[in-house]
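Student: I should like to take a close look at a single part of this structure. Could you please guide me through it?

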Amino acid sequence: MKAIVVTEQAAGTAGMKLANRPEPQPSINDVVVRIHASGFVPTELTWPSTWTDRLERDRTPSIPGHELAGVVTALGYGTTGLSVGQRVFGLADWYRDGTLAEYVAIEARNLAPLPGDVDFTVGASLPVSGLTAWQGLFQHGRLRAGQSVLAHGAAGAVGSMVTQLAREAGAYVIGSGRAADRQTVLGFGAKEFVDLDNDALEDIGKVDLVFDVIGGDIQKRSAGLIRAGGILVTIVGPAEARPSDGLAIDFVVEADRAQLSEIVQRVRGGRLRTNIGNVSNFNDALAALNPTGRRKGNTIIRIRP
């Protein structure tokens with residue numbers, strides 16, 4: 001099968017190559033999926049799991065990409081809950097070969113059914129950003145109606161999902177970003193916008209929850225905005241700053257079939273919009289994965305036309 005592989009961490013996305021790889025075989029509780037569309041998160045090339053297995057042994061050449069939408073073609077021994085020919089979408093394991101390929105072997109539990117009226121491109125854009133937003137807000141952030149949320153990077157793939165899901169849950173959402181992002185952020189449902197280059201972040205006052213996708217100085221300043229009992233949720237590693245009278249939680253997103261189903265139903269109902277920035281076919285994927293300008297939204301590779 002055709003796949004994109006990486007072999008040298010120092011090369012970053014420039015080191016990606018299109019190669020032929022053996023088609024994967026399903027292990028116990030696995031399925032094999034013929035991939036129609038795949039998502040890619042650039043930071044995954046800095047993750048140890050891209051380069052080594054759980055015992056820290058080199059596993060290159062490895063196939064990156066962890067978001068997928070496609071059709072089940074084979075079942076492993078003992079696999080239940082899915083069937084051959086079923087449309088699915090989901091999140092592949094960090095330590096296994098990923099989804100920038102024609103096929104992937106993946107644990108069945110990491111997948112959810114993809115309704116027939118949802119395009120594969122849309123399905124592939126949902127797992128990382130949707131699950132990250134859902135878990136950060138509701139599992140770790142314990143968001144409740146009537147609370148206030150500061151969503152950093154609210155025009156991005158994760159931040160736009162945070163903004164929409166928090167708004168739907170009855171929260172007052174303040175979105176941050178660059179000046180050019182203002183209308184995009186307000187369009188996703190934020191009530192206020194903070195220009196991180198020109199506005200005083202501290203002027204927004206106290207909030208119940210900060211969803212941090214930036215880290216550094218912005219995270220440190222945001223910790224001071226958490227009101228008593230509030231929570232700073234971050235996805236950029238262990239928090240460097242903590243609220244004086246609240247919690248700081250960092251987490252790594254996990255696959256969850258029930259949550260994926262909740263997310264895709266919101267898309268079907270028009271309550272949640274995807275944030276797809278660039279869609280490319282497989283033959284042009286290497287150029288799409290090495291953009292010359294700023295990335296906007298999800299990068300999706302159509303593996304099959």
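Tutor: What follows concerns one helix, with two strand residues added afterwards. This is a predicted model, in which local features need pLDDT of at least 70 and side-chain atom pairs count only at pLDDT 80 or more, whereas totals for chains, interfaces and linings use all residues. Residues are numbered from 1 along each chain as its sequence is written, and side-chain values use heavy atoms, with hydrogens and water left out.

Helix α4 covers residues 157–168; helices are DSSP runs of H or I with at least four residues, strands are runs of E with at least two, and both are numbered from the N terminus. The 12 residues of α4 reach 17 Å from first C-alpha to last, close to the 16 Å expected, where the expected span is 1.5 Å times one less than the number of residues. Of these 12 residues, 10 are buried, that is, under 20% relative accessible area with a 1.4 Å probe, protein chains only. Among them are Ala157, Met161 and Leu165. Just after α4, Gly170 has a positive phi of about 95 degrees.

Elsewhere, Gly230 lies in strand β12, residues 226–234. Gly230 counts as buried because its relative accessibility is 4%. Leaving aside residues up to four places away in sequence, Gly230 touches Asp208, Asp245, Gly246 and Leu247, a contact being heavy atoms within 4.5 Å.

Asp195, in turn, belongs to strand β10, residues 192–195. The side chain of Asp195 reaches the backbone nitrogen of Asp197 at 2.9 Å. With residues up to four places away again excluded, Asp195 touches Gly177, Arg178 and Ala179.

Conventions. Buried means under 20% relative accessible area, exposed over 50%, partly exposed in between (1.4 Å probe, protein chains only). A polar contact is a pair of N or O atoms within 3.5 Å; within protein, one must be able to donate a hydrogen and the other to accept it, and residues adjacent in sequence count only if both atoms are side-chain atoms.
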